[in-house]
Every structure is written in structure tokens, then in C-alpha cells.
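Dear colleague,

I am handing over the structure we spoke about, with the sequence alongside. Please look it over first, and then read the notes below.

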Amino acid sequence: MSHIVHVVESFGAGTLSMVTAIANRQRADGLRVTIIHSVREETPDNWRELFAEGIALIQLPMTRSISPVADFRAGRLLHGTLKTLAPDVVHLHSSKAGALGRILSMIYRGPKWFFSPHGLSFLQRAEGRLKNSIFLLIEKLLAGAPVTFVACSPGEAGEIRTHLSKNVVEVHNAVDIDAVPLALGNEGVVRIGTVGRVTLARNPELFAEIAAALSQPGEIEFVWIGGGDESGETALKQAGVKLTGWVDRKAALQHMAGLDIYIQTSRWEGMPVAVLEAMAAGLPVVATDVIGNRDLVRDGINGYLGHTAADFTARLALLAQDRHARVELGQRARHFVQDYYSLDVMMAALYAAYGIHPTAEPETPKPYVA
């Protein structure tokens, strides 16, 4: 039985969703799976319940920010843990685990190494040009490690090939369609919303500007399913947006099913799981024209892309008045996810990258005892 170890510092939001989906499926496919992780403020309290029985969970302190002393200690602990586990595959997730793991891959050559950035650090505009230049320099230095990049979208794969390495495979994010409740639409009111943590990356200010322009109490309502940064929440509340506060994933999906239109105002993305889930729910999506969003939303076919608040309000005003158009776009979105972003499609691509064929790897039979 092959042993796969996932290493993740960014243990929350979309990264946690994808690690959970991958690990649970690998365990169901009969593989031995271990998760080495840290805990962030956005890590849900019930994180242990997210993983299937039989998956080993090892907590290891890794910090989000760059800290030479803390990073050296975390690297030593990770090295020792991996040598003890002796896995066949090490799959690194997000920037910090990716950096630590790629350094270790140069001195610990046993397993096959893979790295999923889940959004490239040097494209995160909130950090500013200087920091992004530093992040890009670090990524270029680490790109020589014997680690295969796993891009979650065609856009991310293109950025990796352009700036870092040709050693990249595409394994697109996916969603368990059967676990997403259908959005059936509301009567008498149109609810427009999003799901996720209120952070700079999600641009709550743009969401608030759109809501302020279109809200009509009792007719068009805006909802943000989640909570987060105080300044962003203040902007949303001043625009009349209802915030649910933090809810677990199951509750978030139920809230999402109560929407009529989903919008994604992100400044940057890898490949947004929330957009995949909204499309799987049969919702029309209007999103910013950035990497990740544009990989999913085909403008005018299964949703719309925009750059400014005016782009959003123009599309949303028409959709709010036309239930038939909402249903038609939503059905196209759901079929698109079924065809290209199901768990089966994602896992087949990932196993091909690993060089593992789990259905051909039955557990070693126990010796017969008379």
C-alpha cells in the first residue's frame, strides 16, 4: 500500500477544502494517508471531523510569516517526521509548506515530491510590489528543487511555466457535486451573495460598492456568508450587506443554496473552490476577471466576468430582472462542473501525476493461519 503524506501550513479556507477532499478520497481508495499540518486562526474548530477514519493527523508548528528561527525549527521537525514515516509521496500545499518541503527535498531524496501552491504568492497584490518581488525571487531560487509543481488551474500553470519551471502538471480543483445542495431560487426577492472569509484578497470594498448601488430592501438583497477583517466587515455593513459570521462548510453550503446569484469579487485567486461550489449548486456566477475565476467562468456562457463595480451592476441588474436567464446560466454552470471539475476527474489526474494506480494496489493479504 502506497503511503502519501500531505504537508500544509495554510490549514483553512479553500486549501483545507481541497486537502480534505484529496486525502479522504485517497483513504477510500485504500492508500495510507498522513496529514502534517499547523493550525491557523481561520482553521475551523471541527477540523478533526473533516477527515475520514484511518487518516493520521500530525500537528507541527509552522508560521505563516517568514521567520528564520521558527522556520529552521519547523524544517528540522518536518525532516525528522518524514524520515520516520518514510512515505512514497510527499505532497506540499501552499507557500510555507512548499518552501520548507522544497528545501528538504534537496537532502531527503526517498519519496516523490509534489507542490500545490493554491495561489502563487508573488501574484498576491495586497503584499505590494517589493514583497511580491521578494516572493518571486524566493520562488525562483526554490524552483530548482526536485519537486513537481501541481497547478490548480490553466492560468496558474501558465504563470509557473513563464516564471518558475516547466516541471508542472495540471490537476484542477474539484468539487463533490453530490455534497452541494441545489439552489432552487427565491420568490419575491433576489438574493446575491458570496462565501468566504472577509479579507483583502476577496475585495469586500468592491462587494460593498456593488451592494450599495443595487440593494432594494425586500427586492434585491446582498449576503456575505462568512466573517473576517474588521475594516472589510464595516464596509459591508455600511452598504447594507447581511453577514452571517463564520459558519462551518455544511452550513455555508446551505446558505449558498438560498442565493439566486453568486458573485466573486476577488483581487486574485488560484482556483476558487467557492465558485466551483456555487456553479455546482446551479447558480449563475459574476466574477472578477482574474486567474482562477476566468478559468471557470466563460463570459456570457455560464456566467459573466467584470473588472469594475459598473461591470458587475450592469450584469446583476439584468439578471435580477430575468429569472429565466438566471436558471439557464446556472444549469450551464452546473453541467460545466460535472464535465470538467468532478472529484473523479481531479483524482485521475493526480494519480497519473503521482504514478500511482490505487485500484491496482490491494492491501497485502494477511497470512493464512490454520
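**What was found**

I begin with a local point of backbone geometry: Gly355, which comes just after helix H13, takes a positive phi of about 80°. Please keep in mind throughout that this is a predicted model.

Helix H13 itself covers residues 343-354, which makes 12 residues, and from its first C-alpha to its last the helix reaches 16 Å, close to the 16 Å expected at 1.5 Å a residue. Its buried residues are Leu343, Met346, Met347, Leu350, Tyr351 and Tyr354. Seen down the axis of H13, these buried residues fall within an arc of 125°, and they therefore line one face of the helix. This pattern can be set beside a general property: an α-helix has 3.6 residues a turn, so residues three or four places apart point the same way. The face of H13 that is turned away from the buried side carries Asp344 and Ala352, which are exposed. As for what lies over the buried residues of H13, the cover includes strand E1 (3-8) and helix H1 (13-28), together with strand E4 (89-93) and strand E5 (112-116).

Strand E5 is also the place of Trp113. Is Trp113 buried or exposed? Its relative accessibility is 4%, and because buried means under 20%, Trp113 counts as buried. Leaving aside neighbours within four places in sequence, Trp113 is in contact with Leu82, Val90, Leu92, Gly101, Leu104, Ser105, Tyr108, Pro146, Val147 and Thr148. In the case of Thr148, the two residues are 35 residues apart along the chain, while their C-alpha atoms are separated by 6.4 Å.

Helix H5 (residues 154-163) has Gly155, Glu156, Ala157 and Ile160 as buried residues. These pack against strand E6 (148-151), strand E7 (168-170) and helix H10 (293-296).

A second buried position that I looked at is Val189, which is found in the loop between E7 and strand E8 (190-195). With a relative accessibility of 11%, Val189 counts as buried. When residues up to four places away in sequence are not counted, Val189 touches Gly218, Glu219, Ile220, Glu221 and Asp260. Val189 and Gln254, which are 65 residues apart in sequence, are 18 Å apart in space, C-alpha to C-alpha.

Turning to the internal spaces, the structure holds one cavity of 30 Å³ or more. The largest cavity has a volume of about 90 Å³, and of the 14 residues that line it, Ser116, His118, Val150, Val171 and Asn173 lie nearest its centre. E4, E6 and H13 each supply at least two residues of this lining, which by class has eight nonpolar, five polar and one charged residues.

There is also the second largest pocket, whose volume is about 240 Å³. Which of its 17 lining residues are the closest to its centre? They are Ala183, Leu184, Gly185, Gly282 and Val327. The lining of the second largest pocket divides into eight nonpolar, five polar and four charged residues.

With best regards

How values were computed. Residues are numbered from 1 along each chain as its sequence is written. This is a predicted model: local features need pLDDT of at least 70, side-chain atom pairs count only at pLDDT 80 or more; totals for chains, interfaces and linings use all residues. Side-chain values use heavy atoms; hydrogens and water are left out. Helices (H or I, at least four residues) and strands (E, at least two) are DSSP runs, numbered from the N terminus. The expected span of a helix is 1.5 Å times one less than its number of residues. Buried means under 20% relative accessible area, exposed over 50%, partly exposed in between (1.4 Å probe, protein chains only). The arc is that of the directions from the helix axis to the C-beta atoms. Contact means heavy atoms within 4.5 Å. On a 1 Å grid over the protein atoms alone, a cavity is a set of points where a 1.4 Å probe fits but cannot get out, and a pocket is an open set with protein on both sides within 12 Å along at least five of seven lines; lining residues have an atom within 4 Å of a point. Grid points are joined across faces, edges and corners, and a volume is the space filled by probe spheres set on the points. Ala, Val, Leu, Ile, Met, Phe, Trp, Tyr, Cys and Pro count as nonpolar, Asp, Glu, Lys and Arg as charged, and the others, Gly among them, as polar.
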